[in-house]
Amino acid sequence: MRKISVLLVLLCALLSASAQNMVTEKDVRYSNAGERCVADVLHPADKSARLPVIVWFHGGGLTGGNKFIPQQLSGGDYVVVAANYRLLPDAALDDCIDDAAAATAWVIDNIADYGGDPGKVFVSGHSAGGYLTSMIGLDKKWLKKYGHDADSLAGLIPFSGQVITHFAQRELSGLSPLTPMVDDKAPLYHVRKDAPPYIIITGDREMEIFGRYEENAYMWRMMKLAGHPQVYIYELDGYNHGDMEKPAHHIMLNHIKDILSDGNK
């Protein structure tokens, strides 16, 4: 029993040391487009490290919310960049998407200065953040504006994101959240086989909002039919739209490890 206790103490000390080696820089500006164009960067104190990077976009229906670094991502294995973006109705939908692209481009251009590997950038987010993840990863024009190819991203991992045109944008057009719409502001419009690895995670179909699982299931099927070789979908039984975020990180991290492992072969 004593040997087990000693091992547990040592393990806790190692985990604590790892966490203590990470520092967070707040409100790093990635664009001058608006006061919300800032991000928090969790990075190793040793900036010579080359850790994989996760760009994280918060939810809030594109009308609210604020940046945060998920606790599940703060263990020291990744540089994490949690970015704010402009919000509806004060900004246009294009502004929200452009900010997500600008933040991601800033990461690619600057993350080496924070101990991150610009060649291993994963993009993720919950709800509205999942929508932005898919838009900048599938519609290549957004990152192209900043001199980058969306296909250089290591992976896209939207949590419960819209893949039809976002309901907040539909409401601004006078449409009900239950009125489906697919235009060029819908990730579904940009289905293609040569996109980065695409991992879709939603809550329970009976507990999600506005048929969120079903639209993502259709997205998964269309990506498969288009010939995308690395598209996956997960439904978290028993979890509603808000609660699914925390357990979804486990799936994301496992996929990131697999992608990085395949890349090192």
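Student: Why does S160 count as buried?
Tutor: The relative accessibility of S160 is 0%. Buried means under 20% relative accessible area, exposed means over 50%, and partly exposed is anything in between (1.4 Å probe, protein chains only). Since 0% is under 20%, S160 goes in the buried class. Bear in mind that this is a predicted model, where local features need pLDDT of at least 70 and side-chain atom pairs count only at pLDDT 80 or more, while totals for chains, interfaces and linings use all residues. Residues are numbered from 1 along each chain as its sequence is written, and side-chain values use heavy atoms, with hydrogens and water left out.

Student: Where is S160, and what is its phi?
Tutor: S160 sits in the loop between strand 6 (155-159) and helix 5 (167-172). Helices (H or I, at least four residues) and strands (E, at least two) are DSSP runs, numbered from the N terminus. Phi of S160 is near 55°, a positive value in a residue other than glycine.

Student: F210 has a positive phi too. Why is F210 called partly exposed?
Tutor: Its relative accessible area is 37%. That value falls between the two cut-offs, so F210 is partly exposed. F210 lies in the loop between strand 7 (198-203) and helix 6 (212-226), with phi near 50°.

Student: What makes M181 and S173 partly exposed?
Tutor: Same test again. M181 has 27% relative accessible area and S173 has 47%, and both values lie in the in-between range, so both get that label. Both residues are in the loop between helix 5 and strand 7. M181 also touches I164, T165, R170 and L175, leaving aside neighbours within four places in sequence (contact means heavy atoms within 4.5 Å).

Student: How do you know that helix 2 is roughly perpendicular to helix 3?
Tutor: Helix 2 (93-110) and helix 3 (residues 128-138) pack at an angle of about 75°, with their axes 9 Å apart. The axes are lines fitted to C-alpha atoms, for helices over the stretch in contact, and angles run from 0 to 180 degrees between N-to-C directions. Angles under 35 degrees count as roughly parallel, over 145 as roughly antiparallel, 65 to 115 as roughly perpendicular and the rest as oblique. About 75° is within the 65 to 115 range, so helix 2 is roughly perpendicular to helix 3.

Student: Which residues of helix 2 and helix 3 meet?
Tutor: L93, C96, I97, A100, A101 and T104 in helix 2 meet Y131, L132, M135 and I136 in helix 3. By class, that contact has nine nonpolar, one polar and no charged residues (Ala, Val, Leu, Ile, Met, Phe, Trp, Tyr, Cys and Pro are nonpolar, Asp, Glu, Lys and Arg charged, and the others, Gly among them, polar).

Student: Why is helix 3 called mostly covered?
Tutor: Eleven of its eleven residues are buried, among them Y131, T133 and G137.

Student: What makes the largest nonpolar core a core, and which members touch the most others?
Tutor: A nonpolar core is a set of buried Ala, Val, Leu, Ile, Met, Phe, Trp, Tyr and Cys residues joined through side-chain atoms within 4.5 Å. The largest one has 53 residues, with Y30, F57, L62, Y85 and Y198 touching the most other members. Helix 2 gives the largest share, eleven residues. A second, separate core of 23 residues includes I54, L73, F122 and F159.

Student: How do you know that F57 is buried?
Tutor: F57 has a relative accessible area of 0%, so it passes the buried cut-off. F57 is in strand 3 (residues 51-57), and its C-alpha is 8.4 Å from that of Y85, though they are 28 residues apart along the chain. The contacts of F57 include Y85, A100, T104 and I136.

Student: Why do you call the pair H249 and E245 a polar contact?
Tutor: Their side chains come to 2.6 Å. A polar contact is a pair of N or O atoms within 3.5 Å; within protein, one must be able to donate a hydrogen and the other to accept it, and residues adjacent in sequence count only if both atoms are side-chain atoms. At 2.6 Å, the pair is within that limit, so the label fits. H249, in helix 7 (residues 245-263), is buried at 1%.
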